[in-house]
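Colleague: I am new to this structure. Please take me through one part of it closely, step by step.

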Amino acid sequence: MIQEPFAIGNSWLHRTDPRFKLVGAAVFSLIVASSHSYPTLVGALPVALCYVVLARLNVALFVKKLFWVAWFLIFLWLVLPVTGGGDIVFELGPIAVRSQGLHLSAQVSLKLLSILSALTALTATMPLSTTGHALHRLGLPEKLVHLLLMTYRYIFVIEQEYQRIFRAAKIRGFQPRTNLHTYKTYAYMIGMIFIRASERARRVQQAMLCRGFQGKFYCFYEFDAGHQDYFFAGFTGIMAVGMIILEWRGVLF
């Protein structure tokens with residue numbers, strides 16, 4: 001089942017209108033992703049951490065989430081400085097570390113940490129169902145919202161079907177190996193998952209129609225902007241303008 005460890009809380013960001021948080025996350029991510037100057041990228045990281053502090057996230061759990069990103073960054077720093085091109089900064093035996101690769105590694109690391117921290121603080125502090133309704137209020141087509149909500153509801157059901165099929169195969173003596181029998185078995189399992197998913201979708205549709213479903217999901221969350229929401233919008237706007245100015249000055253100078 002999909003876990004939402006940060007969705008429940010009583011912090012300032014938890015009480016902020018989801019629409020404002022989604023727009024703020026999109027604006028922040030867009031600015032950071034399109035920036036190249038170090039003043040902007042270095043300044044974006046404290047802003048993202050400020051969001052994390054305002055959300056009062058569980059520090060141990062947040063660091064655990066970042067732990068998996070650290071493996072990607074380690075691989076990035078091992079490969080990109082050697083293959084990125086540019087002038088040679090220093091050599092380690094036959095390995096030459098180049099300047100352009102170092103710059104790209106630093107930029108990608110800063111962007112990834114900043115965007116991931118901000119998105120965790122702004123979007124993970126609300127249930128995905130609320131996120132879907134907030135996206136609809138922001139203009140996302142209703143069919144896409146329904147697709148998001150239904151996928152969120154039944155993705156773990158499909159995962160349970162896979163576990164059930166895999167256990168049945170193991171009971172019959174199946175042992176995964178690198179041979180044709182293993183590949184064919186996995187292909188059959190995937191096909192069976194699609195068949196069961198189709199049957200489950202048909203039964204769910206019939207059950208929803210029997211309960212009077214008319215193509216609309218109702219949300220119990222009240223989207224009512226208050227003073228703290230506009231304060232959040234002002235804070236995010238000031239941070240965005242500041243990062244744009246830093247990037248503009250970095251490009252010019």
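Modeller: What follows is a close look at one helix pair, with a short stop at a hairpin. Keep in mind that this is a predicted model.

Start with the two helices. Helix α2 covers residues 38-55, and helix α4 covers residues 99-123. They pack at an angle of about 25°, and their axes lie 8 Å apart. Angles under 35 degrees count as roughly parallel, so α2 is roughly parallel to α4. Their crossing is left-handed.

Now the residues that meet. From α2 come Tyr38, Leu41, Val42, Ala44, Leu45, Ala48, Leu49, Tyr51, Val52 and Ala55. On the α4 side, the list includes His103, Ala106, Leu110, Lys111, Ser114, Ala118 and Leu122. By type, the contact of α2 with α4 holds 16 nonpolar residues, four polar and one charged.

Pick out Ser114, which sits in α4. Is Ser114 buried or exposed? Its relative accessibility is 0%, so Ser114 counts as buried. Beyond its neighbours within four places in sequence, Ser114 touches Leu41, Ala44, Leu45 and Ala48, among others. Phe28 and Val32 are also in contact with Ser114.

Last, the hairpin. Strand β1 spans residues 88-92 and strand β2 spans residues 95-98. The two run antiparallel, joined by four bridges. One pairing to find is Ile88, whose bridge partner in β2 is Arg98. Two residues lie between the strands, and Gly93 takes a positive phi near 70° in this hairpin.

Methods. Residues numbered from 1 in each chain as written. Predicted model: local features only at pLDDT ≥ 70, side-chain atom pairs only at ≥ 80, totals over all residues. Heavy atoms only, no water. Pairing = 2+ DSSP bridges. Axes fitted to C-alpha atoms, helices over the stretch in contact; angles between N-to-C directions. Parallel < 35°, antiparallel > 145°, perpendicular 65-115°, else oblique. Left-handed = near helix turned anticlockwise from the far one by under 90°. Contact = heavy atoms within 4.5 Å. Nonpolar A, V, L, I, M, F, W, Y, C, P; charged D, E, K, R; others polar. Buried < 20%, exposed > 50% of the residue type's maximum accessible area, 1.4 Å probe, protein only.
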